[in-house]
Amino acid sequence: MTVTPTPDPTDTVAVVAPGRRLNSATRGIFPRRLNWFYVPALVLFAVFSIYPLISGVSLSLTNWNGYSRSRAFVGFDNYLRLLDDEVFRTAMVNTLIYGVGSTLIQQVLGLGLAVVLDRIARGSSLLRAVIYLPVMVSPVVLGTMYYLIFRYNNGALNDVRALFGGEQVAWLADAGVGIAVIVIVNSLQFVGISMVIYLAGLQGVPTEYYEAAQLDGATWWQRFRSITVPLLQPAFATSIVLNLIGGLKLFDVVQVLTGGGPGQSTHSVSTLIGETYFSNQAAGYSAAIGVVLFVLIVAVTFVLNSLLNRKRVEL
Amino acid sequence: MLAGFAGLAAAAVALSGCSGSGGPGDGDKVALEVQSAMAEGTPRFDALGKLAKAYEDDNPDVKVDVVAMGSDYEGDMKVRMGSGDLPDIWATHGWSLLRYSEFLEPLDDQPWADTLNPVLDSTMKNDDGEFFALPLTTDVAGILYNRTVLEDAGIDPASLGTIEAFDEALAKVKETGVVPISSSGKDDWFAGNVADWLGSGSYDGKESEQLADGEFVDSGFEAMFSKLEEWTKAGYFNPDFSSATSDDIATALGQGKTAFVMIQNSLALSAKQFVPDAQLGFMPVPAINGDPEYLIGGEGVALGAWRDGEHKEQALDFLAFLAETENIGAFASDDGNPAGLTGVDVDLGDLSDSYEQFFTPGEVRMVPYFDRAYLPNGMWNTLISTTGGIITGQTTVDSAVKQTEAEFGTLYGQQ
């Protein structure tokens with residue numbers, strides 16, 4: 001019997017049509033196995049990511065107001081102005097609070113929920129769905145809901161206080177309260193994502209490890225600290241990076257809940273970009289803020305990925 | 001198969017031919033897109049819709065689509081200007097000259113141009129005498145008040161011509177347990193208007209011209225922000241400033257839960273919708289710098305035609321139709337403001353008394369909107385944020401002045 005060898009999928013020999021040969025120069029430029037299925041994705045990526053990025057950088061070097069037919073090149077003026085802009089500084093600090101605060105809350109809550117749900121035998125699916133549900137709700141809707149809770153007149157919180165004889169409080173007139181509410185709303189909305197990631201991670205840990213540790217007399221906390229946490233490292237990396245990027249880009253909740261106010265004290269960099277572009281009519285300056293936000297997110301992602309992947313544990 | 005396709009094609013051609021030779025279907029009409037800056041269901045939007053319908057009846061070959069504004073009219077229009085895709089006609093909301101004129105057809109050669117209300121010359125005409133929109137109404141604004149509240153507090157609005165007298169009135173109102181002034185950081189144009197209303201009385205003529213020429217003068221802003229801070233510390237502003245909506249404020253004004261609101265007179269119409277028996281009026285604004293009191297005037301509801309529009313001729317014809325005395329009078333009555341053209345009778349409704357007392361005699365000076373006349377394009381947002389910051393106690397006077405100066409410098413050089 002003759003056996004025809006099956007081509008190894010990892011084989012890197014170029015697929016060449018009969019009668020055609022790749023010369024050495026062509027082999028150098030094109031990958032040997034060209035899969036055209038990624039071309040549509042590449043085109044979309046170029047149109048919706050690369051082009052806007054290049055266009056944004058070039059816009060940031062002008063003083064365009066966003067609609068006029070003329071614009072002038074101003075070099076790095078917009079970037080230099082950022083150094084002296086108090087509102088930008090406030091927005092940057094707020095953005096870091098939104099990003100780091102939301103990430104911390106989501107990691108703690110998400111991991112806790114995942115651990116609990118992993119151990120619950122009955123009703124676990126329903127609980128997972130309930131906790132994940134807010135992820136699918138628009139942040140605008142959720143922000144509006146919380147606005148109705150915290151508003152001064154007819155706000156749910158003030159109405160409850162009134163039931164117990166408490167006075168009305170203008171919650172959203174205080175920047176500190178506004179920032180805290182934004183962090184909490186954002187965290188509660190997206191905690192489901194962390195929970196799902198950690199649940200998947202937990203279910204990937206072989207039970208033999210726990211059984212062996214239990215035989216050795218390890219307590220629950222020791223097992224969690226020495227087995228679960230190290231083996232969840234990839235899940236930590238994914239969840240933290242996703243949550244942090246989401247927090248740093250935060251727009252909708254801020255816009256709906258406080259609009260960046262009172263004054264400009266709760267702006268995130270994203271809401272400031274929108275306001276600077278459309279309301280202040282400073283499209284060039286707004287683009288410069290956008291470029292800075294982009295660099296910040298890339299840098300944070302890069303650093304975090306490097307740090308978290310360094311600690312990865314091999315099974 | 002081919003025969004089938006040919007048959008279908010022939011039938012389609014025949015049907016389209018029938019449509020063309022009979023009464024004009026919508027497909028044969030010129031469709032004019034009229035982008036209004038009015039919300040659907042408001043009296044002024046319905047009034048414009050009625051006029052559009054009347055025009056269609058007179059001109060069967062034109063279809064006029066009056067479009068209600070979205071949630072961010074200015075943003076929408078900026079995107080359309082940026083992309084060069086504009087409606088045939090659009091509402092200029094006070095900015096026909098300073099923001100939109102680059103894209104609008106000059107209208108000073110139109111048959112109705114000579115009747116433009118002279119009050120609007122300073123805000124709507126450029127140095128060459130050109131103007132770019134038909135003002136259906138003239139915006140006349142002062143400080144709206146609830147007449148019942150002032151009567152109960154023993155205050156005559158005609159006696160509040162100085163800032164000292166106004167301060168005393170605020171204190172008296174507060175003693176009666178009513179909120180003296182209401183504004184909003186949520187629907188933030190309220191906060192911007194507080195600064196716009198007071199700004200004109202914080203600078204004299206010379207200083208205002210310096211601002212217009214790009215030279216920042218801090219004294220007026222300092223005086224205005226200090227006054228706002230003083231009112232904030234005295235507890236004169238509504239405690240729900242950060243969360244109050246336009247409807248909340250209109251209701252509060254109608255119900256007599258607040259005495260004064262610094263906003264356009266159209267809010268009185270909303271207040272009357274919520275509280276039909278409300279007694280409302282408006283009064284001139286007292287100047288912080290001690291100058292005489294003033295009313296604020298400018299372009300009200302105004303429509304301009306796209307200079308590069310495909311249907312520019314029909315657009316100008318529709319504007320001429322709106323400018324006819326009877327039509328513009330009907331619209332202005334529904335809007336509750338004087339018409340933007342002279343020689344037009346308008347029913348000013350509940351605010352008639354105030355118009356007759358302060359506007360018609362022409363004794364109270366009229367000033368343009370502060371930000372439109374003297375500040376660079378884009379400063380409106382700075383007025384909103386700094387005022388909101390002061391009223392909520394989040395910003396100091398110094399910091400607000402510095403922020404205003406920084407924005408002023410940048411935006412003055414913006415193109």
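Modeller: Two strands pair if DSSP finds at least two bridges between them. Strands are DSSP runs of E with at least two residues, helices are runs of H or I with at least four, and both are numbered from the N terminus. This is a predicted model, in which local features need pLDDT of at least 70, side-chain atom pairs count only at pLDDT 80 or more, and totals for chains, interfaces and linings use all residues. Residues are numbered from 1 along each chain as its sequence is written, chains are lettered from A and ligands numbered from 1 in the order in which they are written, and side-chain values use heavy atoms, with hydrogens and water left out.

Biologist: What makes β3(B) and β11(B) a pair?

Modeller: Strand β3 (residues 89–91) of chain B has 3 bridges to β11(B), in the antiparallel sense. That count meets the bridge rule, so the two strands pair. Ala91(B) has Leu303(B) in β11(B) as its bridge partner.

Biologist: How do you know that β4(B) and β11(B) pair?

Modeller: Strand β4 (residues 134–135) of chain B runs antiparallel to β11(B), with 2 bridges between them. The rule is met here too, so these strands pair. Leu303(B) is the bridge partner of Leu134(B).

Biologist: Why are both faces of β11(B) called covered?

Modeller: Buried means under 20% relative accessible area, exposed over 50%, and partly exposed in between, with a 1.4 Å probe and protein chains only. In strand β11 (residues 302–305) of chain B, Ala302(B) and Gly304(B) on one side are buried, and so are Leu303(B) and Ala305(B) on the other.

Biologist: Which residues point each way from β5(B), and what is its partner strand β10(B)?

Modeller: From strand β5 (residues 138–141) of chain B, Thr138(B) and Val140(B) point one way, Asp139(B) and Ala141(B) the other, and all are buried. Strand β10 (residues 294–299) of chain B pairs with β5(B) in the antiparallel sense over 4 bridges. Asp139(B) stands opposite Gly298(B) in β10(B).

Biologist: Is Asp213(B) buried or exposed, and how do you know?

Modeller: Its relative accessibility is 58%, which is over the upper cut-off, so Asp213(B) counts as exposed. Asp213(B) sits in the loop between α8 (205–212) and α9 (218–233) of chain B. Its C-alpha atom is 8.1 Å from that of Tyr374(B), 161 residues apart along the chain.

Biologist: What makes a space a cavity, and how many are there?

Modeller: On a 1 Å grid over the protein atoms alone, a cavity is a set of points where a 1.4 Å probe fits but cannot get out; a pocket is an open set with protein on both sides within 12 Å along at least five of seven lines; lining residues have an atom within 4 Å of a point. The count is 2 cavities of 30 Å³ or more. The largest cavity holds about 70 Å³, and its lining includes Arg81(A), Asp85(A), Asn381(B) and Glu407(B). Helix α13 (residues 269–279) of chain A gives the most to that lining, with 3 residues.

Biologist: What space lies in the second largest pocket, and which residues are closest to its centre?

Modeller: The second largest pocket has about 710 Å³ of space. Of its 31 lining residues, Leu97(B), Leu98(B), Arg372(B), Leu375(B) and Asn377(B) are the closest to its centre.

Technical notes:
Grid points are joined across faces, edges and corners, and a volume is the space filled by probe spheres set on the points.
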